[in-house]
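Got your viewer open? Let's take a walk, one selection at a time.

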Amino acid sequence: MRRLQQRAPGRRLIRGKAAFLKKTALAAAFLAVPAGILSGCGTKEAETFSVTNFVMDTVLQETVYGSEDVTEDIRALLSDLETEELSWREEESEVAQINARCGAGERVPMSDDFYDWTAVSLDLAQKSGGAFDPTIGDMTRLWNIEGENPTVPPQADIDEALSHVGYENIQIEEAGKTIAMGAGCTLDLGAVGKGIACDVAREYLKEQDGVQGAVIAVGGSILTYGSKPDGTAFRVAVQNPDEENGSYMGVIDLTGTACVSTSGDYEKYFVQDGKRYHHILDPATGYPSESGLSSVTVVCPDAGEWKEYAGLLSDGLCTACFVLGEEKGMELLEQYGMEGVFIDKDHQVTVTEGLRDSFSLLSEDYVIKESE
Ligand code: ADP
Ligand code: MG
């Protein structure tokens, strides 16, 4: 990615939030390994650098294996990604500028990276039949599930917000890398921000000679990179949707570089009149999606047509699959050639074929559905 190559070495970067502002439920987690393991070849010592920070409104957990500690560089890169590009709250960010100018009816130029992220997001919107929609930001803000006292919005407000939602209202043009939007429509890449962060981290790591392997977990999106010094697989845990943080339904063993994201209805929600309202919205209704699933985990490899966007896609695909439900979600994964784990409300677990050998069930409360 161009932006990363241009960064001058040692450039001082803006600091993100130093403290954890709130407790965020992690959808998936990297199972920790002992520090300071010797590298596989036995000649060069690979150290383990582990650090936890708060960035992009979520917990950032970094584990880097190698001779060089690049954890702070990655944290700073992701903090920049948030403030300079993806954050709605930063007036100067690229997304805020695009929305301000497009709202005034202009066709607006985009950076190369932003253009690519938007193009992949629109491809996913189209292939998912609008189940994933990057124009849903107004609806998310209306529900304000992360606010102080969220309540179900009045139907009239939902209808009003719905009238602005629709990825078809965005036109991008490849030659000049420009975007134009219909009146009232807004672009929000927040739903894939953590996945984009994994992509940015991966491209940076590829340029670091001193790094052998890494696990970078940005909220519910996790990048596994390279290899572990002891040669064992990376173990990515899938949260048990019924339990508190840290209780796992299963684990996926991964070798090499990949991105894994989970969307679950237990992550962010409120309860009103005994009913649970969660943060994954169905763009067709404006209400939290009810597709019979509790969570979807998607794995995208560092290979094939989408390799540069493995993080973005894993993040967007798990949201899309959650909204679509198991059957259509599986079809969507097939279209992209990606793998996943679906957990339904009856505690049935469906694992796509390519993951069956690497997935292990950890909780007795769940059963793996027999494949046809
Ligand atoms: P996050 O990416 O915030 O960790 P998810 O991956 O579960 O969480 O995605 C849900 C977030 O994406 C919501 O907080 C909301 O901002 C946005 N969102 C919710 N429903 C949709 C949807 N159908 N399409 C696109 N974005 C959505
Ligand atoms: Mg997401």
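Start by selecting ligand 1 and D315: an oxygen atom of the ligand sits 3.2 Å from an N or O atom in the D315 side chain. That counts as a polar contact, meaning a pair of N or O atoms within 3.5 Å; within protein, one must be able to donate a hydrogen and the other to accept it, and residues adjacent in sequence count only if both atoms are side-chain atoms. One thing before you click on: this is a predicted model, where local features need pLDDT of at least 70 and side-chain atom pairs count only at pLDDT 80 or more, while totals for chains, interfaces and linings use all residues. Residues are numbered from 1 along each chain as its sequence is written, chains are lettered from A and ligands numbered from 1 in the order in which they are written, and side-chain values use heavy atoms, with hydrogens and water left out.

Stay with the ligand and add S263, where an N or O atom of the side chain is 2.8 Å from a ligand oxygen. Then add T319, with a polar side-chain atom 3.3 Å from an oxygen of ligand 1. Now show everything around ligand 1: you should get 16 residues, the closest being A131, D133, S263, H279 and L281. To be included, a residue needs a heavy atom within 4 Å of the molecule.

Next, select helix α8 (residues 310-324) and helix α7 (residues 193-206), which pack at about 160° with their axes 6 Å apart. Axes here are lines fitted to C-alpha atoms, for helices over the stretch in contact, and angles run from 0 to 180 degrees between N-to-C directions. So the two, α7 and α8, are roughly antiparallel (under 35 degrees is roughly parallel, over 145 roughly antiparallel, 65 to 115 roughly perpendicular, and the rest oblique). Light up the contact (heavy atoms within 4.5 Å): α7 brings G193, K194, G195, I196, C198, D199 and R202, and α8 brings A310, G311, L312 and D315.

Now pick helix α4 (residues 112-127) and helix α9 (residues 326-336), whose axes come within 11 Å and cross at roughly 135°. That makes α4 oblique to α9. Show D123, L124 and K127 on α4, then L332, Q335 and Y336 on α9, to see the contact.

Last stop: keep α4 and bring in helix α2 (residues 71-86), packed at about 85° with the axes 12 Å apart. α2 and α4 are therefore roughly perpendicular. Select L81, E85 and L86 of α2 with D113, F114 and W117 of α4 to see where they touch.

Key: Helices (H or I, at least four residues) and strands (E, at least two) are DSSP runs, numbered from the N terminus.
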